[in-house]
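Work through the exercises below with the sequence and the 3D view open. Try each task before you read its solution.

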Amino acid sequence: MQVTTSEKWNNHTAITEFILLGFGAANELQILLFLVFAVIYIFTMTGNILIVILVVSDQHLHTPMYYFLGNLSFLEVCYSSNILPKMLGRFLTGDKTISVSGCFTQLFCFGCLICVECYLLSLMSFDRYVAICKPLHYATIMNGRIILYLLVGSWICAVSISFLIVYRVSQLSFCGPDEIDHFFCDFSPLLQLSCSDISHVKLLALIFGSINILPPFILTITSYVCIITAILRISSTTGRQKAFATCSSHLIVVTLFYGTLTIVYILPNTSTLGELKKVFSVPYAVLTPMVNPLIYSLRNKEVKESLKRLWIDSSFRGDIKRSNPLLLRRG
Ligand SMILES: *[C@@H]1O[C@H](CO)[C@@H](O)[C@H](O)[C@H]1NC(C)=O
C-alpha cells in the first residue's frame, strides 16, 4: 500500500473504509426508514423507466421537449441508483461501512449526475420559454442537432469537473476519524474527515459549485418569469389557470432543488447550518428524482395518451395470443 508523506509524519494508520452514520436513528426506526426509502426508490424507478420507454418507443413523443424529458428520466434512474440501493442495504443489514474506493466512486457519480441534472433542468425551462414566448423561432433554436450538442456538452462538462474534484479529494490523506455524518458519500462531510490542508479543494469546489448551480438557476428562474408573464396575458381564464398551475408546480420543484443545493454547497458551514445540511440534502438527493416524472411528464396530456396507446397495444397483442395461438405461430 502506498503511504503518503503526511501519514508517515503524523504516524497515523491509513483508513481503508469509512462508516456512513446515516440518520443516526434508533434501531427500531431503521425498518421504518427502510420501508419509506424503498417505496421512494420503487416509485422513482417505475415512473422514470416508464417515461424512457414511452419517449423511445412512441413516434408521437419524438420532439425536443420529450427528448429532454426522456433524458432527464434516464438521468434520474442512474442518480437514485447511485444512492438508494446502498442506503437500503445499510438499513437492512446494519452494516454501515463503505470502502474508500467505493466512497470516491459514489462521490464521482453523484457529482457528474447532479451537474447534468442542473444543466438539464435549465435547458428544459429554456425550451419551454422558447416554445411559449418565441414560438416562431422554436424550430430553428431547438433543432435535433443543437439538442444533441447541448446534451453531449453537458455530460462532458459534468464528467470533467467531477473528475477533477474527486481526483483532488482522493489525493488528500484520511487518517481518522472515519465516520461520515451523512447518508451517502457527499463532498463536505467527507472533506471534514481529512487531515490534510483542504482549503484549496474547498475553493475549487466552491468555484465549480457556483458555476454549476447559479447560472442554470438564474436561467431557469428567468425563463419561468417570462413564461408566467406570457401566461398572464392569455385571455381565457381556464387556459390561464391551467398553464399557471403547470408552471408553478415546475417552479416549486426547481426552486426546491436549486434552493437546497445552494444551502448545502454554497452557503458556509456554520454550526447551526451544518447540522441541518443532512436534512436539506434529502430533497435533491432522494425526492427530486421521484417527483420529477410526476410533475413534468405523467400529468402531460400527450404522455397520458401515449401510455394509453402502449397499454391498448400490449393488451391487444395479449388478446390475439390468447384467443388464437395458431395465427401467431403461422404468421
Ligand atoms: C436523449 O436525447 C436524444 C436527442 O438529443 C434522443 O435521441 C434520445 O432518445 C434521448 N434519450 C431518451 C432516453 O429519451
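The exercises go from the whole chain to ring pairs, the ligand and the record.

This is a predicted model, in which local features need pLDDT of at least 70, side-chain atom pairs count only at pLDDT 80 or more, and totals for chains, interfaces and linings use all residues. Residues are numbered from 1 along each chain as its sequence is written, and side-chain values use heavy atoms, with hydrogens and water left out.

**Exercise 1. The whole chain**

Task: Find the secondary structure of the chain and its share of buried residues.

Solution:
- Step 1. Look for helices (DSSP runs of H or I, at least four residues) and strands (DSSP runs of E, at least two), both numbered from the N terminus. The chain has 12 helices and 3 strands.
- Step 2. Take the box along the principal axes. The C-alpha atoms fill roughly 75 × 55 × 40 Å.
- Step 3. Apply the burial cut-offs: buried is under 20% relative accessible area, exposed is over 50%, and partly exposed is in between (1.4 Å probe, protein chains only). Of the 331 residues in the chain, 44% are buried.

**Exercise 2. A ring pair**

Task: Decide what kind of pair F37 and F91 form, and where the two residues sit.

Solution:
- Step 1. Recall the two values that describe a pair of aromatic rings: the distance of the centres and the angle of the planes.
- Step 2. Set the rule. Rings of Phe, Tyr and Trp (its six-membered ring) pair if their centres lie within 6.5 Å; planes under 30 degrees apart are stacked, over 60 edge-to-face, and the rest tilted.
- Step 3. Search the whole structure. There are 15 aromatic pairs.
- Step 4. Test this pair. The centres of F37 and F91 are 5.9 Å apart and the planes stand at 15°, so the pair is stacked.
- Step 5. Place the residues. F37 is in helix α2 (residues 27–57) and F91 is in helix α3 (residues 64–93). The pair links distant parts of the chain, 54 residues apart.
- Step 6. Check burial. F37 is buried because its relative accessibility is 6%. F91 is buried too, at 9%.
- Step 7. Widen the view. Ring pairs join F37 and F91 into a cluster that includes F23, Y79 and F110.

**Exercise 3. The ligand**

Task: Which residues are around the ligand, and how much of the ligand does the protein bury?

Solution:
- Step 1. List the residues with a heavy atom within 4 Å of the ligand. They are V52, V55, Y67, G70, N71, I147, L148 and L151.
- Step 2. Assign helices. α2, α3 and α6 (144–171) each supply at least two residues of this shell.
- Step 3. Sort by type. The shell has 6 nonpolar residues, 2 polar and no charged. Here Ala, Val, Leu, Ile, Met, Phe, Trp, Tyr, Cys and Pro are nonpolar, Asp, Glu, Lys and Arg are charged, and the others, Gly among them, are polar.
- Step 4. Look at N71. An N or O atom in its side chain is 2.3 Å from an oxygen atom of the ligand.
- Step 5. Give the area (Shrake-Rupley method, 1.4 Å probe). The ligand taken alone exposes 360 Å², and the protein buries 73% of that.

**Exercise 4. A span from the record**

Task: What is the chain like over residues 279–298?

Solution:
- Step 1. Read the record. UniProt (unreviewed entry) lists residues 279–298 among its spans for "transmembrane region". Such annotations may be inferred rather than shown by experiment.
- Step 2. Compare with the model. Residues 279–298 are 100% helix and 0% strand, with end C-alpha atoms 28 Å apart.
- Step 3. Pick a residue. V286 lies in helix α10 (residues 271–298). V286 is buried, at 0% relative accessibility.

Definitions and conventions: A residue is near a molecule or strand if one of its heavy atoms lies within 4 Å of it. A polar contact is a pair of N or O atoms within 3.5 Å; within protein, one must be able to donate a hydrogen and the other to accept it, and residues adjacent in sequence count only if both atoms are side-chain atoms.
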